[in-house]
Amino acid sequence: NPNEIGLKMRIQSIKNEIDNIKDEIKNKILKKRLARMTTGTVTILVGGKTPIEMNERMYRYEDSFNATRSAMKDGYVIGGGLSLWKALNEAKTALRGEIAPEVMKIMDIVCSSPLKQISENCDIDYKTLISKVATSKGSIGYNTATEKYENLEKAGIIEPLLVLQFSFENALSVASMIISSPYFIVRKNNNVEIEKKETIRG
């Protein structure tokens, strides 16, 4: 590989310079450069026309880097709401009769909400989306960027496993806090009609 040969030659050249240069400042700079080239360290330069644009791009790169590192360490799942929906259907089959209907209903709402939100954002019929996903095998889902159904894993639509795990843990933490609190304050929205239901006791 010409690139690999060129890299090795450049590394050897920097090593020779370090041995021959007595200036401490230049020597320190060369050692840093050598460390970047031999330890796999990469510097990504991010810029923008305005400070706001620059910060926004910088945070995007930082999020991408952290997500990649997390996925390499703990694995990833298919994005686009597909993994949650498939997990829900497997749970319905495996845990049938073992979980209370109320709990299964909550799981249905939670695990179906990403696909529902995608359908609303993309102005597509939710039932059609579910039907396409249900009848397709593997990682076939809806790609919002290309506006078509395709293999989401090959398209690179994935998310780190830890992101999904922490989302559930945080949601459970908030839910348990609300359930265990004797009182909590809510803001009433006069534009939304609230259906009155009897409290289920048990």
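**Close-up 1. Glu53 and its partner Arg57 in helix H3.** Glu53 is partly exposed, with 26% relative accessible area. This is a predicted model, so take this and the other views as views of a prediction. The Glu53 side chain meets that of Arg57 in a salt bridge, 2.9 Å from N to O. Why can these two line up? They sit 4 residues apart in helix H3 (residues 51–74), so about one helical turn separates them. Arg57 is partly exposed too, at a relative accessible area of 37%.

**Close-up 2. A salt bridge between helices H4 and H5, made by Lys92 and Asp108.** Here the N-to-O distance is 3.3 Å. The pair ties together distant parts of the chain: Lys92 belongs to helix H4 (residues 82–94) and Asp108 to helix H5 (residues 101–121), with the two residues 16 apart. Asp108 counts as partly exposed at 29% relative accessibility, and Lys92 also comes in as partly exposed at 29%.

**Close-up 3. Arg10 and Glu17 form a salt bridge.** The closest N and O atoms of this pair are 3.8 Å apart. That still makes the cut, because a salt bridge needs the nitrogen within 4 Å of the carboxyl oxygen. Glu17 is partly exposed, with a relative accessibility of 29%, and Arg10 is partly exposed as well, at 33%. If you go hunting through the whole structure, you'll find 5 salt bridges.

**Close-up 4. The antiparallel hairpin of strands E2 and E3.** Strand E2 covers residues 140–143 and strand E3 covers residues 148–151; they pair over 4 bridges. Which residue stands opposite Gly141 in E3? Look for Glu150. The hairpin has 4 residues between its strands, and it is where Glu147 takes a positive phi near 60°.

**Close-up 5. A nonpolar patch on the surface, with Ile178 among its members.** Five side chains make up the patch: Val174, Met177, Ile178, Phe184 and Val186. Taken together, they offer about 500 Å² of accessible area. Ile178 lies in helix H7, which runs over residues 161–180. Is Ile178 buried or exposed? Neither outright: Ile178 is partly exposed, with a relative accessible area of 39%. Residues need over 30% to join a patch, so Ile178 clears that bar.

Conventions
Residues numbered from 1 in each chain as written. Predicted model: local features only at pLDDT ≥ 70, side-chain atom pairs only at ≥ 80, totals over all residues. Heavy atoms only, no water. Patch = residues over 30% accessible without salt bridge, like charges linked within 9 Å, V, L, I, M, F, W, Y side chains within 5 Å. Areas by Shrake-Rupley, 256 points an atom, 1.4 Å probe, with all protein chains shown as cover. Buried < 20%, exposed > 50% of the residue type's maximum accessible area, 1.4 Å probe, protein only. Pairing = 2+ DSSP bridges.
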